[in-house]
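Got your viewer open? Here is a short tour, one selection at a time, starting with a term you will need along the way.

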Amino acid sequence: MLKILSFLLALMLTFSCEKKEGTMIHEDGYYWFLSYGYPNFQRIKLEDGISEKWKIKTIRVAGCVITEELMDSVRIENKKTNVALQKKYGKNWEKDYEKDIEDFTMKQVDIMDILITNKMFRKKLASYNIEIDDVEKDAKELDRHDFYKVNIYKDYSTIAFTVNVDIKNRTVNLIK
């Protein structure tokens with residue numbers, strides 16, 4: 001089973017990269033870091049929030065049961081991705097990326113503060129019978145700093161509605 005998984009990983013990497021430029025940018029326009037093991041869901045949510053800005057995704061290729069061969073192949077691919085990101089963002093790109101993760105964590109507080117004080121947002125929550133203390137959301141930074149697309153979920157997998165939140169102007173706009 002693990003040999004098949006390793007083969008599929010190698011096949012996926014072979015066909016999903018734009019090899020002619022050697023950029024490590026995949027067909028979806030993102031740089032991929034591969035991971036395995038038990039996922040850190042909080043970290044995944046934060047990375048997802050800034051993924052549009054950085055064009056970086058973490059792709060899970062295996063769970064907790066892995067082989068040395070798989071670990072080696074993941075390490076090799078991640079090193080290639082790191083080199084490509086150094087070329088694009090500079091040698092210390094990871095420091096800037098981690099700062100953006102930290103800033104995004106704080107922005108989550110700002111976003112929620114703006115949302116819970118917005119009358120339209122509260123009415124929309126009420127129309128879906130969602131309690132203000134029970135809001136499940138995800139946010140993604142958009143094309144400008146302090147501007148976010150926020151999906152509000154009525155359960156953990158179904159989006160109830162989506163809003164744009166402008167932190168600078170403290171506004172919320174419903175996306176239809």
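"Buried" here means under 20% relative accessible area, "exposed" means over 50%, and "partly exposed" is anything in between (1.4 Å probe, protein chains only). With that in hand, pick out Asp166: at 6% relative accessible area, Asp166 is buried.

A word on what you are looking at. This is a predicted model, where local features need pLDDT of at least 70 and side-chain atom pairs count only at pLDDT 80 or more, while totals for chains, interfaces and linings use all residues. Residues are numbered from 1 along each chain as its sequence is written, and side-chain values use heavy atoms, with hydrogens and water left out.

Now zoom out and switch to cartoon. You should find five helices and six strands, if you take helices as DSSP runs of H or I with at least four residues and strands as E runs with at least two, numbered from the N terminus. Trace the chain from the N terminus and the order is α-β-α-β-α-α-α-β-β-β-β. Of the 176 residues, 40% count as buried.

Next, salt bridges: a side-chain nitrogen of Lys or Arg within 4 Å of a carboxyl oxygen of Asp or Glu. The whole structure has 13 of them. Let's visit a few.

**Stop one: Asp166 again, plus Arg144.** Show both side chains, and you'll see a salt bridge with the closest N and O atoms 2.5 Å apart. Arg144 sits in the loop between strand E3 (136-141) and strand E4 (147-153), and Asp166 in strand E5 (residues 159-166), so the pair ties together parts that are 22 residues apart in sequence. Unlike buried Asp166, Arg144 is partly exposed at 41%.

**Stop two: Arg43 and Glu98.** These side chains meet in a salt bridge at 2.6 Å, N to O. Arg43 belongs to helix H2 (residues 41-54) and Glu98 to helix H4 (residues 93-116), so this bridge ties together parts 55 residues apart in sequence. Arg43 is partly exposed, with 26% relative accessibility, and Glu98 is partly exposed too, at 37%. Add Glu47 to your selection: Arg43, Glu47 and Glu98 are linked in a network of salt bridges.

**Stop three: Lys53 and Asp100.** Which helices does this pair link? First display the bridge itself, whose closest N and O atoms are 2.8 Å apart. Asp100 is in helix H4 and Lys53 in helix H2, 47 residues apart. Asp100 is buried at 14%, whereas Lys53 is partly exposed at 41%.
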